[in-house]
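Student: Please give me a close look at a single part of this model, and connect that part to the rest of the structure as you go. I would rather have one long, careful answer than a list of separate remarks.

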Amino acid sequence: MLIAPQVSVICIFFFWPALQALLQSLQQSDAFGTSVEWVGFANFQRLWQDASYLESFQTTAVFSSLVAVLGIGISLCLAYFADRVVRGTVVYRTLLIWPYAVAPAVAGVVWLFLFSPSIGVVSYALNQWGFEWNALLNSRHAMALIVMAAVWKQISYNFLFFLAGLQSIPKSLIEAAAMDGAGPWHRFWTIQFPLLSPTSFFLLVINVVYAFFDTFGIVDAATKGGPGKDTAILVYKVYFDGFKALDLGGSAAQSVVLMVIVVALTVVQFRFVEKKVNY
Amino acid sequence: MIERNRWLDVLSHMVLIVGVGVVAFPVYVTFVASTHTMQEVVQVPMPLWPGSHAWENYTTALFGSHSGATPAVGRMMMVSLITALVIALAKISMSLLSAFAIVYFKFPFRMAIFWAIFMTLMLPVEVRIGPTYQVVADMGMLNSYAGLTVPLIASATATFLFRQFFLTIPDELVEAARMDGAGPMRFFKDVLVPLSTSSMAALFVIQFIYGWNQYLWPLLVTTEESMYPVVVGIKRMISGGDAQTEWHIVMATAMLAMLPPALVVILMQKWFVKGLVDTEK
């Protein structure tokens with residue numbers, strides 16, 4: 001009885017739709033759902049041959065690796081220095097964590113405003129320095145824009161984990177190394193960085209998941225997948241094909257592909273958690 | 001002892017201040033833009049100091065303009081707030097109950113249900129939007145709070161968290177409670193719930209932000225303006241292109257949309273950090 005609400009919700013809104021997605025991915029139906037035809041794996045085959053889908057894969061790969069690498073790099077750097085300062089760690093932490101609370105779509109709007117080719121402050125500055133910025137026409141610029149917005153939002157999260165990781169490293173280890181004559185740079189690479197590697201790996205997985213799924217709002221608000229389809233990440237394409245282009249079968253097949261990716265990432269994450277226990 | 005290096009200390013603060021500056025800059029510009037008139041904002045370059053029109057802009061944003069050109073954000077804020085609160089509270093209570101059931105009761109398919117809940121981790125909204133939308137549409141829940149919240153309130157992470165926590169509660173406590181004549185629900189209410197308040201607070205912060213920031217789902221299930229959460233509403237406001245967008249109002253709305261979750265994070269920082277670390281493990 002106690003478990004009934006949870007179970008009914010997951011059955012109705014999780015498993016049933018997931019099953020539907022699986023079924024639909026094997027069907028071909030018209031936009032009104034009046035005729036349904038079983039087509040086996042044709043939807044998947046079509047995806048495989050669809051150049052725009054493969055491109056979207058590529059876009060997503062570029063996007064998520066940029067977000068993960070930049071996000072982790074910058075926040076590791078900030079966390080290292082925040083760990084170093086004797087006073088004010090908490091103040092800096094407070095000042096750095098709040099972007100986590102900003103909704104992706106709002107972040108997208110704000111960054112769009114900053115970098116809007118006609119009125120944006122930053123694009124004005126860039127143009128002053130002789131850099132032709134136009135995220136509406138240049139796909140590299142558009143990509144840079146959503147990467148920046150996504151990284152900006154994710155820094156706080158990574159920062160918190162790195163800071164916690166750094167603070168849990170025993171001071172005696174660092175002091176011993178210092179006594180042996182290792183400088184700060186050397187100490188970082190030989191002690192702190194290796195000890196942080198579980199945290200880094202964990203964050204890598206989380207960041208990839210974030211870039212895959214949680215950035216829909218940023219993309220939709222800032223670039224709408226454009227110019228052309230150059231910033232249409234996979235999740236955006238599922239939404240676009242299913243709800244705007246009404247290709248239900250194709251959209252469902254894409255959903256299934258995404259599910260496989262999530263399952264793979266989750267498995268990686270849990271294998272890692274188990275490993276860390278032995279660590 | 002670690003060597004004292006003044007130069008490195010200065011560098012640390014420098015890097016951090018630059019970092020904070022870069023992180024805060026977009027929001028500062030947003031704030032500045034929200035205090036100017038339309039003309040001042042769209043001129044190039046726009047002024048970098050706050051202007052004197054904050055009051056007008058925020059009231060226009062909150063209550064809508066006389067001409068009806070901009071929708072009232074106040075209403076959207078209410079929708080967001082209700083949605084976020086319902087999601088957070090429902091997630092916490094549902095997972096508390098199911099964790100209680102899984103840990104303390106023996107019933108058929110206990111482990112099967114546990115694994116079923118576990119598997120929902122692998123099915124985020126984004127990968128099953130199409131079919132979930134159909135289910136909700138069939139149940140007639142479009143444009144309602146039920147449609148906005150119910151499909152999002154199952155939580156594997158929260159159930160796990162509570163399960164792990166309940167497993168650490170010593171059996172002696174259960175026996176003591178039983179000896180004092182407490183039934184299972186009494187035990188739940190008077191022992192488990194008070195013990196898990198800190199976990200509940202931590203989860204609340206995370207889930208509140210999660211609920212407030214939902215975008216894709218509300219975008220699909222709401223088609224009437226009166227049911228837009230603010231995050232969706234703001235997106236609608238910019239869809240007209242640069243020329244028609246009233247950026248000063250949009251920026252005021254952006255500030256308003258950021259405020260509640262940011263406040264929750266900053267005021268409940270301790271719980272927030274705990275929540276993040278707990279839910280991800």
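Tutor: A helix here is a DSSP run of H or I with at least four residues, and helices are numbered from the N terminus. In those terms, Ser34(B) sits outside the helices, in the loop of chain B that joins α1 (6-33) to α2 (38-42). The model is predicted, and everything that follows should be read with that in mind.

Let me begin with Ser34(B) and its surroundings. A residue is called buried when 20 or more other C-beta atoms lie within 10 Å of its own, and Ser34(B) counts as buried because 25 other C-beta atoms fall within 10 Å. Along chain B, Ser34(B) is 232 residues away from Ile266(B), while 22 Å separates the C-alpha atoms of these two residues.

The two helices that flank this loop also bear on how chain B is divided. The domain assignment splits chain B into domain 1, covering 6-63, and domain 2, covering 75-280. Where these domains meet, domain 1 of chain B contributes 13 residues and domain 2 of chain B contributes 10. On the side of domain 1 of chain B that touches domain 2 of chain B, at least two residues come from each of α1, α2 and α3 (54-63), and α3(B) gives the most, with 4 residues. Sorted by class, that side of domain 1 of chain B holds 7 nonpolar and 6 polar residues, and no charged ones.

For the wider setting, chain B has 15 helices and 0 strands, and 43% of its 281 residues count as buried. Of the contacts in chain B with a separation of 6 or more, 72% are between residues 24 or more positions apart. Phe204(B) gives another view of this chain: this residue belongs to helix α11 (residues 197-213) of chain B and is buried, because 20 C-beta neighbours lie inside 10 Å. Leaving aside residues up to four places away in sequence, Phe204(B) touches Ala88(B) and Ile92(B). Phe204(B) and Ala72(B), by comparison, are 132 residues apart in sequence and 28 Å apart from C-alpha to C-alpha.

From chain B we can pass to chain A through a pair of packed helices. Such a pair is described by the angle between the two axes and the distance between them. Helix α5 (residues 104-115) of chain A packs with helix α14 (residues 247-267) of chain B at an angle of about 145°, and the axes of the two helices are 10 Å apart. The crossing of α5(A) and α14(B) is left-handed. On the side of α5(A), the contact is made by Val106(A), Val109(A), Val110(A) and Phe113(A), and α14(B) answers with Trp247(B), Val250(B), Met251(B), Ala254(B), Ala257(B) and Met258(B). By class, this contact has 10 nonpolar residues, with no polar and no charged ones.

Two of these residues reappear in the largest nonpolar core: among its 140 residues, Val106(A) and Val109(A) touch the most other members. Helix α7 (residues 139-167) of chain A gives the most to this core, with 17 residues, and at least three residues come from each of domain 1 (6-63) and domain 2 (75-280) of chain B. Apart from residues up to four places away in sequence, Val109(A) touches Ala221(A) in chain A, and Ile234(B), Lys235(B), Ile238(B), Val250(B) and Ala254(B) in chain B.

Chain A itself comes to 12 helices and 2 strands, and its elements run α-β-β-α-α-α-α-α-α-α-α-α-α-α from the N terminus on. Of the 279 residues of chain A, 45% count as buried, and 69% of the contacts between residues at least 6 apart in sequence join residues at least 24 apart.

Two residues illustrate this chain. Gly71(A) lies in helix α3 (residues 51-84) of chain A and is buried, because 27 C-beta neighbours lie inside 10 Å. Not counting residues up to four places away in sequence, Gly71(A) touches Val151(A), Gln154(A), Ile155(A), Asn158(A) and Asn207(A), while the C-alpha atoms of Gly71(A) and Phe193(A), 122 residues apart along the chain, are separated by 16 Å. Val121(A), in helix α6 (residues 121-128) of chain A, is likewise buried, because 21 C-beta neighbours lie inside 10 Å. From Val121(A) to Ile218(A) there are 97 residues in sequence and 19 Å in space, C-alpha to C-alpha.

Methods. Residues numbered from 1 in each chain as written. Chains lettered and ligands numbered in written order. Predicted model: local features only at pLDDT ≥ 70, side-chain atom pairs only at ≥ 80, totals over all residues. Buried ≥ 20, exposed ≤ 12 C-beta atoms within 10 Å, placed from the backbone. Contact = placed C-beta atoms within 7 Å. Domains from an automatic or database assignment. Nonpolar A, V, L, I, M, F, W, Y, C, P; charged D, E, K, R; others polar. Axes fitted to C-alpha atoms, helices over the stretch in contact; angles between N-to-C directions. Left-handed = near helix turned anticlockwise from the far one by under 90°. Core = buried A, V, L, I, M, F, W, Y, C linked by C-beta atoms within 7 Å.
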